[in-house]
Amino acid sequence: MSLDPEGYPGAVVSLFKGGVTKTSTSLNVAHQLSERDSEVAVVDLDKDGHLTSLLGYERQLDNGDDIGDAVFGDTDPGDLLVETDFGLHLLPATESLETVEGRMKDRSFGVKLIRTEVVEPLVAGDIDYVLIDPPGGRGMLHDAALVAVQRVIVPLIPSAGSVSGLENLLRRSLVPLRKEVPLDIVAITPNMMRESIAQESGEQMLARELNTNEEFGETAMDLTYDGFDHYLPEYARVDPEFFAVVADDDRSVAATYPEIPKPGIRYRKAINDATRHGLPLAEWEPTNDQIAAFDALADRVERASPDPERERAEAADA
Ligand SMILES: Nc1ncnc2c1ncn2[C@@H]1O[C@H](COP(=O)(O)OP(=O)(O)OP(=O)(O)O)[C@@H](O)[C@H]1O
Ligand SMILES: [Mg+2]
């Protein structure tokens, strides 16, 4: 398979696990990117069309054309974009997504179709960055999303199964795909962090795993965009020594760490409320302290992506 060395500007927000904040993270990172004076499209590849319905769009567009017609027909995906009130472009999910994956498998290079028929024309048009909310599980459609932008943000939450979801994603998708195309982890981000990491909690376990686990840590580091020194953004990092001190004697924690670190994107009711109303956090509550984390992720996507202007010229030639 011959592919460009770089993915088009953007990222897929992915983990093989439900309810880990893929959709809300896609929405918020996309919005922060658009606040940086960029035109950003969010492509809803989730068959449930959760993002699409949150943003108030029906699954079937009026003129009947949808993503299936872009992937397999002559429809320009730019014509399928709908505008949100806050300046994002959405490529809505429709019922045809249920058959897109099956039809893809009948094509010899099906895994390239999201790249060549959806993302490339968007970037050749007015779109600078493409964020993809992928199907929840493993499959050709998920891989096709990765092949298009070749960059991934991994959200995790403090519940059993998050880290094994990450191990699965690495082992069953990212590592094998990486043999065919360059692929970068832009960030692994804990989200919905609520309890203190100074006591035994899902939060402590997740922060410890991400900051100290050598097993997947080495693989993840291998896949991390080489402009970054860690797969964890600054806001998610904890001195690994912290966990040794906690394990040793938690009374000495307060002495050694007068301020207990609060890593990750924190649990905020406002994030949940915003998503429920189909709005990015920054539109719902512009003073919320967690906007900075989404902005840090947007910054990483921007830094790891090729220059949109150059890509526009190349995509137009392709
Ligand atoms: N930091 C946060 N604090 C509070 N609620 C949050 C936070 N981040 C996300 N949520 C909420 O958690 C819920 C699940 O998130 P989301 O729908 O984005 O997950 P998902 O991975 O896309 O789920 P699915 O697997 O169903 O597609 C949503 O209601 C969302 O608003
Ligand atoms: Mg979702």
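Helices here are DSSP runs of H or I with at least four residues, numbered from the N terminus. With that in hand, welcome to a quick tour of ligand 1 and its surroundings in this predicted model. Two such helices, α1 (22–34) and α12 (269–276), each supply at least two residues of the shell around ligand 1. The space that ligand 1 takes is the largest pocket, so the shell and the pocket lining are both worth a look.

**The shell around ligand 1**

- Ligand 1 is surrounded by 17 residues, and the closest of them are Gly19, Thr23, Ser24, Asn191 and Asn272.
- By class, this shell holds nine polar, four nonpolar and four charged residues.

**Polar contacts and burial**

- Two backbones reach oxygen atoms of ligand 1: an N or O atom of the Ser24 backbone lies 2.7 Å from one, and a backbone N or O atom of Lys22 lies 2.9 Å from one.
- Thr23 takes part through its side chain, where an N or O atom is 2.8 Å from an oxygen atom of ligand 1.
- On its own, ligand 1 exposes 640 Å², and the protein buries 83% of that area.

**The largest pocket**

- How big is the largest pocket in volume? Its volume is about 380 Å³.
- The pocket is lined by 18 residues, and Thr21, Ser24, Met192, Asn272 and Thr275 are the closest to its centre.
- Three helices, α1, α2 (50–54) and α12, each give at least two residues to the lining of the largest pocket.
- Which helix supplies the largest share of that lining? The answer is α12, with four residues.
- Sorted by class, the lining comprises eight polar, five nonpolar and five charged residues.

Definitions and conventions
Residues are numbered from 1 along each chain as its sequence is written. Chains are lettered from A and ligands numbered from 1 in the order in which they are written. This is a predicted model: local features need pLDDT of at least 70, side-chain atom pairs count only at pLDDT 80 or more; totals for chains, interfaces and linings use all residues. Side-chain values use heavy atoms; hydrogens and water are left out. A residue is near a molecule or strand if one of its heavy atoms lies within 4 Å of it. A polar contact is a pair of N or O atoms within 3.5 Å; within protein, one must be able to donate a hydrogen and the other to accept it, and residues adjacent in sequence count only if both atoms are side-chain atoms. Accessible areas come from the Shrake-Rupley method with a 1.4 Å probe; for residues, only the protein chains shown count as cover. On a 1 Å grid over the protein atoms alone, a cavity is a set of points where a 1.4 Å probe fits but cannot get out, and a pocket is an open set with protein on both sides within 12 Å along at least five of seven lines; lining residues have an atom within 4 Å of a point. A molecule sits in a cavity or pocket if more than half of its atoms lie within 2 Å of its grid points. Ala, Val, Leu, Ile, Met, Phe, Trp, Tyr, Cys and Pro count as nonpolar, Asp, Glu, Lys and Arg as charged, and the others, Gly among them, as polar. Grid points are joined across faces, edges and corners, and a volume is the space filled by probe spheres set on the points.
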